Amino acid sequence: MSRRRFSRRPPRWWPKDEPWPPVDSEHMRAWREMRTHFFWRVGGLLAFFFAFVAILMALSIWLAASFLGVLGAPRAEGGIVAPLVIILAGLFLLARALQRVASPIGDLMQAAGRVEEGDYAARVEERGPREVRALARAFNAMAARLQASDEQRRNLLADVTHELRTPLTVIQGNLEGLLDGVYPRDDAHLAPILEETRVLSRLIDDLRTMALAASGALKLQKEPTDLATLTSETVASFRAQADAAGIELSAEVGADIPALELDAARIRQVLENLIANALRYTPRGGRIRVQCAMVNGQPKSVQVCVSDTGAGIPADELPHLFERFHKSRDARGTGLGLAIAKNLVTAHGGEISAQSEPGKGTTIRFSLPAERKAD
């Protein structure tokens with residue numbers, strides 16, 4: 001198939017942050033072929049329309065001439081019936097063909113207007129030619145994703161509002177008690193205020209990271225980093241919390257891990273999110289194991305696994321685990337941690353995945369490239 005030629009400048013409707021010309025993916029090629037078939041179908045319909053109009057005009061002239069006797073033939077009124085039947089049948093077939101194409105497109109236009117007004121529940125019936133049915137199917141899928149995204153966004157705003165209100169209420173109550181003399185101004189009453197400010201700081205950092213990743217403005221400060229040491233230190237920072245919860249927390253770090261070009265603060269944030277999630281959903285008496293090992297594949301990479309013996313994740317939730325704004329039914333908190341972890345790992349050129357079975361725990365692993373890419 002010949003390479004499609006694009007104009008030097010993108011059309012006005014093309015998104016500013018998308019590259020031009022577009023990437024020639026298999027999905028785009030299929031849509032382009034379908035569009036070509038549709039144009040040929042419309043072109044054939046227009047050709048039939050003009051041919052039918054020409055025949056109609058010729059028949060009309062012949063009938064008028066025959067009826068008036070201009071052509072020298074006798075006036076035969078009975079001969080008018082057959083041409084009229086042909087004309088009416090042609091008009092009927094043409095009207096049906098036009099309706100078969102125009103009616104579904106009209107439904108799409110009406111549904112698009114409803115989506116523009118914010119009604120993401122708008123759907124269209126899949127009918128008409130094959131290409132129009134495919135367009136209706138794609139529109140319905142788009143509207144469904146918009147509806148799900150809008151619902152998740154609303155839930156996120158509600159969760160964030162709740163998460164902000166809780167520490168602010170604690171801070172306000174303790175400060176009022178200190179100012180009114182109800183509480184003594186000692187470390188025991190000042191420490192909870194400091195802890196709640198740290199909760200607010202983490203939440204604001206998560207929201208900022210998510211916003212930067214979504215806008216493509218997330219910048220990494222990479223430098224040679226000992227990932228083995230970073231993993232061990234991060235696990236050690238959660239040891240007291242795990243002991244207080246009655247959970248066994250262990251780390252297994254390989255000895256052959258080379259120094260990697262990483263943003264150490266961002267990778268620490270990924271580890272902290274994964275370990276904090278594991279602690280949140282692992283019951284007392286459970287185990288959490290953090291492994292960091294070399295993977296001698298092509299190319300070479302370092303893989304970090306965080307496994308727990310918690311409640312696990314339902315199968316229908318697993319494919320959406322790292323999606324932005326997604327939050328499972330029994331999840332606590334804002335649900336931003338895993339989405340942020342995916343964005344940070346992807347920004348480093350790595351991959352992240354999850355395996356889980358209800359009642360048997362969850363394993364989340366991410367890999368980072370161990371070989372520097374050539375410039």
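# Salt bridges, sheet and core

Guide: Arg137 forms a salt bridge with Glu126, and their closest N and O atoms are 3.4 Å apart. The model is a predicted one.

Visitor: Why is the contact of Arg137 with Glu126 called a salt bridge?

Guide: The term requires a side-chain nitrogen of Lys or Arg within 4 Å of a carboxyl oxygen of Asp or Glu. Arg137 and Glu126 have their closest N and O atoms 3.4 Å apart, so the pair satisfies that rule. In general, side chains of opposite charge can pair when their charged atoms come close.

Visitor: What does the pair of Arg137 and Glu126 tie together?

Guide: Arg137 belongs to helix α3 (residues 130-179), whereas Glu126 sits in the loop between α2 (81-116) and α3; the pair therefore ties together parts that are 11 residues apart in sequence.

Visitor: How do you know whether Arg137 and Glu126 are buried, exposed or partly exposed?

Guide: Buried means under 20% relative accessible area and exposed means over 50%, with partly exposed in between. Arg137 has 43% and Glu126 has 38%, so each counts as partly exposed.

Visitor: What makes Glu125 and Arg127 a salt bridge?

Guide: Their side chains meet at 3.9 Å, N to O, and the cut-off is 4 Å, so the pair qualifies. Glu125, at 57% relative accessibility, counts as exposed, whereas Arg127, at 28%, counts as partly exposed. Both residues also belong, with Asp107, to a network of salt bridges. The rule gives a count of 9 salt bridges.

Visitor: How do you know that the salt bridge of Glu252 with Arg289 links distant parts of the chain?

Guide: Glu252 is in strand β2 and Arg289 is in strand β4, 37 residues apart. Their closest N and O atoms are 3.8 Å apart, which meets the 4 Å limit. Glu252 is partly exposed at 38% relative accessible area, and Arg289 is likewise partly exposed at 38%.

Visitor: What makes β2 and β6 edge strands of the sheet?

Guide: The open sheet has 5 strands in the order β2-β4-β5-β7-β6, with mixed pairing. β2 (248-253) and β6 (351-356) each have a single partner strand, so one side of each is left without a neighbour in the sheet. From one strand to the next, the twist averages 15°.

Visitor: Why is the pairing called mixed?

Guide: β2 and β4 (residues 287-295) run parallel and are joined by 6 bridges, while β4 and β5 run antiparallel with 8 bridges. β5 and β7 also run antiparallel, again with 8 bridges. Two strands pair if at least two bridges are found between them, so these three pairs qualify. Individual partners include Leu249 with Ile288 in β4 and Ala293 with Gln303 in β5. Gln303 in turn stands opposite Ser367 in β7.

Visitor: Why is β5 described as largely enclosed?

Guide: Of the 8 residues of β5, 7 are buried, so the rest of the structure largely encloses this strand. Helix α7 (residues 264-281) lies across β4, β5 (301-308) and β7 (362-369), and runs at about 170° to β7.

Visitor: Which residues touch the most other members of the largest nonpolar core?

Guide: They are Leu227, Ile364, Phe366 and Leu368, out of 44 residues in this core. The largest share of the core, 7 residues, comes from α7. Beyond its neighbours within four places in sequence, Ile364 is in contact with ten residues' worth of surroundings including Leu274, Val304, Leu321, Leu338 and Ile352. Another core, of 7 residues, lies apart from it, and Val115, Val124, Ala136 and Phe139 are among its members.

Visitor: Which residues of helix α8 are buried, and what do they pack against?

Guide: In α8 (residues 337-347), the buried residues are Gly337, Leu338, Ala339, Ile340, Ala341, Leu344 and Val345. They pack against α4 (187-215), α7, β6 and β7. Gly349, which follows α8, has a positive phi near 80°.

Visitor: How many helices and strands does the protein have?

Guide: The secondary structure comes to 8 helices and 7 strands. Of the 375 residues, 31% count as buried.

Key
Residues are numbered from 1 along each chain as its sequence is written. This is a predicted model: local features need pLDDT of at least 70, side-chain atom pairs count only at pLDDT 80 or more; totals for chains, interfaces and linings use all residues. Side-chain values use heavy atoms; hydrogens and water are left out. Helices (H or I, at least four residues) and strands (E, at least two) are DSSP runs, numbered from the N terminus. Axes are lines fitted to C-alpha atoms, for helices over the stretch in contact, and angles run from 0 to 180 degrees between N-to-C directions. Contact means heavy atoms within 4.5 Å. A nonpolar core is a set of buried Ala, Val, Leu, Ile, Met, Phe, Trp, Tyr and Cys residues joined through side-chain atoms within 4.5 Å. Buried means under 20% relative accessible area, exposed over 50%, partly exposed in between (1.4 Å probe, protein chains only).
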